[in-house]
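Student: I should like a close look at a single part of this protein, with its partners described residue by residue. Please then place that part within the rest of the chain.

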Amino acid sequence: MNQRASALWAKLKANRPAYMLSILLTLTLGILIGTVISYGVKGQDKKTASSDAAPLLVPSPQMLSSQFSQISKQLEPSVVNINTESTIKTPKRRRGGPNSDDDVNPFDDFFDRFFGGQGGQGGQGGQGGQGGGAGSIRERSLGSGVIVDAKGYIVTNRHVVDKADRIRVKLQDDPPGVLHEAKVVGSDPETDLAVIKIEGDKALPTAKLGNSDSMQVGDWVLAVGSPFGLQETVTAGIVSAMGRNIVPTRQFQSFIQTDAAINPGNSGGPLVNMAGEVIGINTAILTDTNAYAGVGFAMPSNTVVQVYNQLIGPDHRVARGSVGIMFNAQENPAIARVYGTGSGVTISDVTAGSPAEQAGLKVGDTIVGVDGKPVKNGDELVSDIASRKPGAKIVVGFIRNGKKQEVTVTVADRAKLFAARLGDDDDTGVETGPKESKLGVTVRSLTQEMADRLDVPANKGVIVQEVKSGSFGEDVGLSRGDIILEINKQTVDNEDQFNRVSVGLKSGQDVVFLVRQRGAGRQGGTIFLAGTLP
């Protein structure tokens, strides 16, 4: 027995490392199993009954995409590609320099810059240099439109077809190279909408217009058009905001904002809801790169319908009422508190010769009602008066120096009253305000207040209010805010003198302006701007 024990002990000593490792592994495994069992028992003790929990369901991935594709197939045949050709002037060089304080407005040439490939406003004659030297180039642009009448009537943006020498339309089913000649039925600069028409031998597919007032932030929408000339392009997004005003001076441009991708060439195409209805016309984008940045704007369909119905009428234009006043685009309660009773619209400017001036309304008066109906803000006032027919009479309630008064005002045609500012020519022969001359320049006599503000002599020269793009005035380098003192050695101290001199100018005649420019005017200096009248 002792012998056997001794032999076993000797064997253990010889293999001690292996046996020790085996024992340690066994102990470790036992500890782990015990820990897991213990944790499982404790975890079971903490579980809560879940018999009332509803299982989660994953919706079919085909539902939404199928709806998108159905709407796309429905709308695409009515969406067209618009090709335009136009002749534009190329002024010699851009005005600028250390003495120039030209306003830099991010919305200048807003629509031209972001759609159609026009690239913004051209340059102007160099300061102090000779005018003229302008050439011209043929320009081709692309846009979109949507057929709303089977007879060939198409809604698009005004800036897509404005000043085009030739407009051609490509339909979805047209063979390559086939284009239809189109004519402009009418356009509206206030909303940047236009109606064009093509002739056809068959009824064309049309889109159905919906009610834009039914749209809410977060609703799905599709944008259809031809970005960069890529016809039948569909992008999806949501309504990001409603009633967005991006250009304060455009009182009738209240947009639907969307993040559906809109790029150059989409302009004039439809924005569509999930019922396949057009609830907007894609008009503009807000970007620093001239391409999609997630912020696009569409003119609401309710506005489109109102404008369309007037453009297809006998006059082919939109008539809106106005009394000839201006006010701050951005509401400021402090203004109303100082000039009125805490509400209403305070007049900041009265157009010369306008119904408001004739009725005795003045700067600083606060309009608080029209025909007995209270006016809360500028949008309400513009909407009310714009809906009135020219010639209608309204009773305007206003506050002056703390006292409430009333006056009867005859509504005028807004387009005629603000023809220069809107860029429209008034061909009625009735002068209702500052009128553009053959020089492409609208001027106004210098008042004492304006002269004091500009630090220039009163009743000496006329101030330039507008310069029409591509006009002779732009070619020679005239700019808004310049003061014209003489034309061909003849003094022009008021609008009447300016009109008499400009009317007598003939085609091919040299024209020399003596001008006190903005910037140079602060130092009392003047320069010559000259060119040959086309």
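Tutor: Val-462 has Ile-484 as its bridge partner in β24. That bridge belongs to the pairing of strand β23, residues 462–467, with β24, where two bridges join the strands and the direction is antiparallel. The model is a predicted one, and the description below should be read accordingly.

Strand β24 covers residues 483–487, and four of its five residues are buried, so that the strand is mostly covered. Besides β23, β24 pairs with strand β26, residues 510–516, in the antiparallel sense over four bridges. Within that pairing, Ile-487 has Phe-513 of β26 as its bridge partner. β24 also pairs with strand β25, residues 490–491, again antiparallel, over two bridges. Here Ile-487 is bridged to Gln-490 of β25. Ile-487 therefore has a bridge partner in β26 and another in β25. In a regular strand the side chains alternate between the two faces of the sheet.

The hairpin formed by β24 and β25 has two residues between the strands, and Asn-488 in this hairpin takes a positive phi near 50 degrees. Lys-489 lies in the loop between β24 and β25. Its phi is also positive, about 70 degrees, although Lys-489 is not a glycine. Lys-489 is exposed, because its relative accessible area is 78%, and the cut-off for exposed is over 50%. The turn thus sets an exposed lysine beside a strand in which four of five residues are buried.

A positive phi is found elsewhere as well. Lys-163, in the loop between α5 (158–161) and β4 (166–170), has a phi near 65 degrees, a positive value in a residue other than glycine. Lys-163 is likewise exposed, with a relative accessible area of 52%.

The strands elsewhere in the chain include a barrel. Six strands close into it in the order β7-β8-β9-β12-β11-β10, with antiparallel pairing. From one strand to the next, the twist averages 45 degrees. Within the barrel, strand β10, residues 270–272, pairs with strand β11, residues 278–285, in the antiparallel sense over three bridges. Gly-280 of β11 is the bridge partner of Leu-271. Helix α6, residues 301–311, lies across β11 and β12 (296–300), and runs at about 50 degrees to β12.

This region also contributes to the largest nonpolar core, which has 25 residues. Among the residues with the most contacts inside that core are Val-278, Ile-281, Val-304 and Leu-193. Two or more residues each are given to the core by α3 (62–75), β6 (193–198), β7 (220–225), β11, β12 and α6. The largest share, four residues, comes from α6. An α-helix has 3.6 residues a turn, so residues three or four places apart point the same way.

Leu-193 shows how these elements meet. Leaving aside neighbours within four places in sequence, its contacts include Ile-281, Met-299, Thr-303, Val-304, Val-307 and Leu-311, and Asn-157 is also one of them.

Asn-157 is found in strand β3, residues 153–157. Asn-157 is buried, because its relative accessible area is 0%, against a cut-off of under 20%. The side chain of Asn-157 makes a polar contact of 2.6 Å with the side chain of Ser-267. Beyond neighbours within four places in sequence, the residues in contact with Asn-157 include Asp-192, Leu-193, Ala-194, Gly-268, Ile-281, Asn-282 and Thr-283.

A further element, helix α9, residues 378–386, has as its buried residues Gly-378, Leu-381, Val-382, Asp-384, Ile-385 and Ala-386. Among the elements that cover these residues are β13 (321–322), β14 (325–326), β15 (345–346), β17 (366–370) and β19 (393–400). Asn-377 caps the N-terminal end of α9, with a side-chain oxygen 2.9 Å from the backbone nitrogen of Glu-380.

Taken over the protein, the secondary structure comes to 14 helices and 27 strands. Buried residues make up 42% of the 534 residues. Of the contacts with a separation of 6 or more, 64% are between residues 24 or more positions apart. The protein exposes about 28600 Å², of which carbon and sulfur atoms supply 53%.

Definitions and conventions. Residues are numbered from 1 along each chain as its sequence is written. This is a predicted model: local features need pLDDT of at least 70, side-chain atom pairs count only at pLDDT 80 or more; totals for chains, interfaces and linings use all residues. Side-chain values use heavy atoms; hydrogens and water are left out. Axes are lines fitted to C-alpha atoms, for helices over the stretch in contact, and angles run from 0 to 180 degrees between N-to-C directions. Contact means heavy atoms within 4.5 Å. A nonpolar core is a set of buried Ala, Val, Leu, Ile, Met, Phe, Trp, Tyr and Cys residues joined through side-chain atoms within 4.5 Å. Buried means under 20% relative accessible area, exposed over 50%, partly exposed in between (1.4 Å probe, protein chains only). A polar contact is a pair of N or O atoms within 3.5 Å; within protein, one must be able to donate a hydrogen and the other to accept it, and residues adjacent in sequence count only if both atoms are side-chain atoms. Accessible areas come from the Shrake-Rupley method with a 1.4 Å probe; for residues, only the protein chains shown count as cover.
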